Amino acid sequence: DLELVSERGRGGMGVVWQARQRSLGRDVAIKRVASRESVHAVEALLTEARTMGRLEHPSIVPVHALGASAEGPLLVMKRIEGTSLEALLRDPAHAAWPALERRHGERLLAYVEILSRVCDALELAHARGVVHCDLKPENVMIGSFGETYLLDWGVARAFGGADVEIGIAGTPSYMAPEMLSGRSGALGPHTDVYLL
């Protein structure tokens, strides 16, 4: 039912493709592991899929399905288009700014609205016992119609349970100090607040 169209992005462990879902006549995004030989990457993709799948929120990309192929697991999601917050911060003349300024009146109000929507998504995640652990401007996408998405739940962790060794994961320049312990008991909503 899914026909790969083009590669849209590549990270350390995964590759995102634009695909055509024939049965519904729509474009979707598919995330696959970069190397199916990497057991860690496969486990991370499965965890990300399950985490996003149970966090239904307007600012979290909807998961349509978790499937399998000869290349490994497939995470099928809503395809979104837009601009990362990082691109907006880096380029004051970015082509997305005029529409955001029309919608919000000024840039400061646009930033506040974007941050508010990220906080709303995190509030839901925290209520469900999940911390994102990788908040940074490149993981916030602003859509063509003003929608805001918090992306990349690949290193999200559960909190509040038994204190277990989970390893160190995240973006070094954004990491909260407690993330360096590599233990789940150190993590909580305060971790994401630090990252915000």
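User: Where does S59 sit?
Analyst: This is a predicted model, and in it S59 is found in the loop between α1, residues 39–54, and β4, residues 63–69.

User: Is that serine buried or exposed?
Analyst: S59 counts as buried because its relative accessible area is 5%, and the cut-off for buried is under 20%.

User: OK, which residues does S59 touch?
Analyst: Leaving out residues up to four places away in sequence, S59 touches R117, A121, T148, Y149 and L150. With T148 there's a polar partner too: the backbone oxygen of T148 lies 3.0 Å from a polar atom of the S59 side chain.

User: T148 is in a strand, right? What sheet is that part of, and what's the strand order?
Analyst: T148 belongs to β9, which covers 148–150. That strand is in an open sheet of three strands, ordered β6-β8-β9, with antiparallel pairing. β6 (82–84) and β9 stand at the edges with a single partner strand each, so one side of each has no neighbour in the sheet. Neighbouring strands in this sheet are turned by 25° against each other on average, ignoring direction.

User: How many bridges hold β8 and β9 together?
Analyst: Three bridges, with β8 (residues 140–143) and β9 pairing in the antiparallel sense. If you want a spot to look at, V140 stands opposite L150 in β9.

User: What packs on that sheet?
Analyst: Helix α4, residues 107–127, does, and it touches β8 and β9. The direction of α4 makes about 45° with that of β9.

User: New topic. How many strands are in the other open sheet, the one with β1?
Analyst: Five strands, in the order β1-β2-β3-β5-β4, and the pairing is antiparallel. The edge strands are β1 (2–10) and β4, each of which pairs on one side only. From one strand to the next, the twist averages 30°.

User: What does "pairing" even rest on?
Analyst: Strands of a sheet pair through backbone hydrogen bonds, and they can be parallel or antiparallel.

User: Got it. How many bridges join β2 to β3?
Analyst: Eight bridges join β2 (residues 14–21) to β3 (residues 26–33), and the two strands run antiparallel. As one of the pairings, Q18 has A29 in β3 as its bridge partner.

User: And which helix packs on this five-strand sheet?
Analyst: That's α1, touching β3, β4 and β5 (72–78). The direction of α1 makes about 30° with that of β5.

User: How do β4 and β5 connect?
Analyst: A hairpin joins β4 to β5 through two residues. These strands pair in the antiparallel sense over six bridges, and V63 stands opposite M77 in β5.

User: Switching again: how many disulfides are there?
Analyst: Zero disulfides in the structure.

User: Why don't C119 and C133 make one?
Analyst: Because the sulfur of C119 is 16 Å from the closest cysteine sulfur, the one in C133, and that's too far for a bond. For a disulfide, the sulfur atoms would have to be within 2.5 Å.

User: Are those two cysteines buried or exposed?
Analyst: C133 is buried, at a relative accessible area of 3%. C119 is partly exposed, at 32%.

User: How many aromatic pairs turn up in the whole structure?
Analyst: One aromatic pair. The ring centres of W97 and Y111 are 5.4 Å apart and the planes are at 80°, so the pair is edge-to-face.

User: Where are W97 and Y111 along the chain?
Analyst: W97 is in helix α3 (residues 97–104) and Y111 is in helix α4, 14 residues apart. W97 is buried, with a relative accessible area of 1%, while Y111 counts as partly exposed at 27%.

User: Last one: where does E178 lie?
Analyst: E178 lies in the loop between β10 (157–158) and α5 (189–195).

User: Buried or exposed, that glutamate E178?
Analyst: E178 counts as buried because its relative accessibility is 18%, with the cut-off being under 20%.

User: Which residues does E178 touch?
Analyst: Not counting residues up to four places away in sequence, E178 touches A186, L187, H190 and T191.

User: And how far apart are E178 and A65?
Analyst: They're 33 Å apart in space, C-alpha to C-alpha, and 113 residues apart in sequence.

Terms used. Residues numbered from 1 in each chain as written. Predicted model: local features only at pLDDT ≥ 70, side-chain atom pairs only at ≥ 80, totals over all residues. Heavy atoms only, no water. Helix = DSSP H or I, 4+ residues; strand = E, 2+ residues; numbered from the N terminus. Buried < 20%, exposed > 50% of the residue type's maximum accessible area, 1.4 Å probe, protein only. Polar contact = N/O pair within 3.5 Å; in protein donor to acceptor, adjacent residues only side chain to side chain. Contact = heavy atoms within 4.5 Å. Pairing = 2+ DSSP bridges. Axes fitted to C-alpha atoms, helices over the stretch in contact; angles between N-to-C directions. Phe/Tyr/Trp six-rings, centres within 6.5 Å; stacked < 30°, edge-to-face > 60°.
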